[in-house]
Amino acid sequence: MELIIIRHAVAEDKEEFAKKGQEDHLRPLTLKGRKRMQKVCVNLRDYVKEIDLIVSSPLTRARQTAEIVSQIYFETKVVEAPELVPHSPPQAFLKWLRVQGRNYKRIAIVGHEPHLSVFASYMLSMKAESFIDLKKSGIIGLELESFSSAEAGRAQLLYSIPPKFLAD
């Protein structure tokens, strides 16, 4: 099984958005962020031909990123998981994956830092502390024996692709 971890694309500036009186969870992607994510996904298709399910954080910027991934991957279904919000413990999404991911072979998740790099590190090493620096629109691929029996520390790193590599 393959788990594709994608950090959301560039969003509006946090402080500027807050000055508008808006809550951070509503902060959208910038036009530049959208365009870059589209390029990243088009080029990702050279490496990853299909995705069975896309799981997104419920925050606007992640959901918008997930929708871009879905469009490039032939309208792949997007579901939201609150376990992908920025400060959720990695064990929470692992539990979600075991239950909800059992019928899929390749799942892409879209979320935030520091959660995604902590989750990837946890899956690779059993340590819930990050040793990965995942840039906006960056992608990490992990191989798992199965989603239903996924365990921390048992994943294999398949690839880590910086956005610059796929967007240029």
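**Exercise 1. Determine which residue of strand S3 stands opposite Val55, and place this pair within the sheet of the predicted model.**

*Solution.*
Step 1. Val55 has Val79 of S3 as the residue opposite.
Step 2. The strands concerned are S2, residues 53-56, and S3; their pairing is parallel and extends over three bridges.
Step 3. S2 and S3 belong to an open sheet of six strands, ordered S3-S2-S4-S1-S5-S6, in which the pairing is mixed. Strand S3 (78-80) is an edge strand, as is strand S6 (156-161), since each of them pairs on one side only. From one strand to the next, the twist averages 20 degrees.

**Exercise 2. Identify the strands across which helix H5 lies, and state its angle to S1.**

*Solution.*
Step 1. Helix H5 comprises residues 115-125.
Step 2. The helix lies across strand S1 (2-7), strand S4 (106-111), strand S5 (139-143) and S6.
Step 3. Relative to S1, helix H5 runs at about 155 degrees.

**Exercise 3. Find the aromatic pairs of the structure, classify their geometry, and decide whether the rings involved are buried or exposed.**

*Solution.*
Step 1. Searching the whole structure yields two aromatic pairs. Phe93 and Trp96 make up a stacked pair, with 5.2 Å centre to centre and 15 degrees between the planes. The stacked assignment follows because planes under 30 degrees apart count as stacked.
Step 2. Both Phe93 and Trp96 are located in helix H4 (residues 90-100), where three residues, about one turn of the helix, set them apart.
Step 3. Phe93 also forms a pair with Phe119; here the centres are 5.4 Å apart and the planes make an angle of 80 degrees, an edge-to-face arrangement. This pair connects distant parts of the chain, for Phe93 is in helix H4 and Phe119 in helix H5, 26 residues apart.
Step 4. Buried means under 20% relative accessible area. Phe93 has 0% and is therefore buried. Trp96 is buried because its relative accessibility is 12%. Phe119, at 0%, is likewise counted as buried.
Step 5. Taken together, the ring pairs join Phe93, Trp96 and Phe119 into a cluster.

**Exercise 4. Locate the charged end that sits over the ring of Tyr73.**

*Solution.*
The charged end belongs to Arg45, and its distance from the centre of the Tyr73 ring is 5.0 Å.

**Exercise 5. Describe the setting of Gln64: its element, its accessibility and its contacts.**

*Solution.*
Step 1. Gln64 is part of helix H3, which covers residues 60-72.
Step 2. The relative accessibility of Gln64 is 19%, so the residue counts as buried.
Step 3. Leaving aside residues up to four places away in sequence, Gln64 touches Pro28, Leu29 and Arg34.

**Exercise 6. Characterise the protein as a whole: its elements, its dimensions and its contacts.**

*Solution.*
Step 1. The protein contains six helices and six strands. Read from the N terminus, these elements follow the order β-α-α-β-α-β-α-β-α-β-β-α.
Step 2. The C-alpha trace spans about 45 × 30 × 25 Å along its principal axes.
Step 3. For 168 residues, a compact globule would have a radius of gyration near 15 Å; the value for this protein is 15 Å, and the two therefore agree.
Step 4. Buried residues account for 49% of the 168.
Step 5. Of the contacts between residues at least 6 apart in sequence, 70% join residues at least 24 apart.

Terms used
Residues are numbered from 1 along each chain as its sequence is written. This is a predicted model: local features need pLDDT of at least 70, side-chain atom pairs count only at pLDDT 80 or more; totals for chains, interfaces and linings use all residues. Side-chain values use heavy atoms; hydrogens and water are left out. Helices (H or I, at least four residues) and strands (E, at least two) are DSSP runs, numbered from the N terminus. Buried means under 20% relative accessible area, exposed over 50%, partly exposed in between (1.4 Å probe, protein chains only). Contact means heavy atoms within 4.5 Å. Two strands pair if DSSP finds at least two bridges between them. Axes are lines fitted to C-alpha atoms, for helices over the stretch in contact, and angles run from 0 to 180 degrees between N-to-C directions. Rings of Phe, Tyr and Trp (its six-membered ring) pair if their centres lie within 6.5 Å; planes under 30 degrees apart count as stacked, over 60 as edge-to-face and the rest as tilted. A charge sits over a ring if NZ of Lys or CZ of Arg is within 6 Å of the ring centre and within 35 degrees of the ring normal. The radius of gyration is taken over C-alpha atoms; the globule rule is 2.2 Å times the number of residues to the power 0.38.
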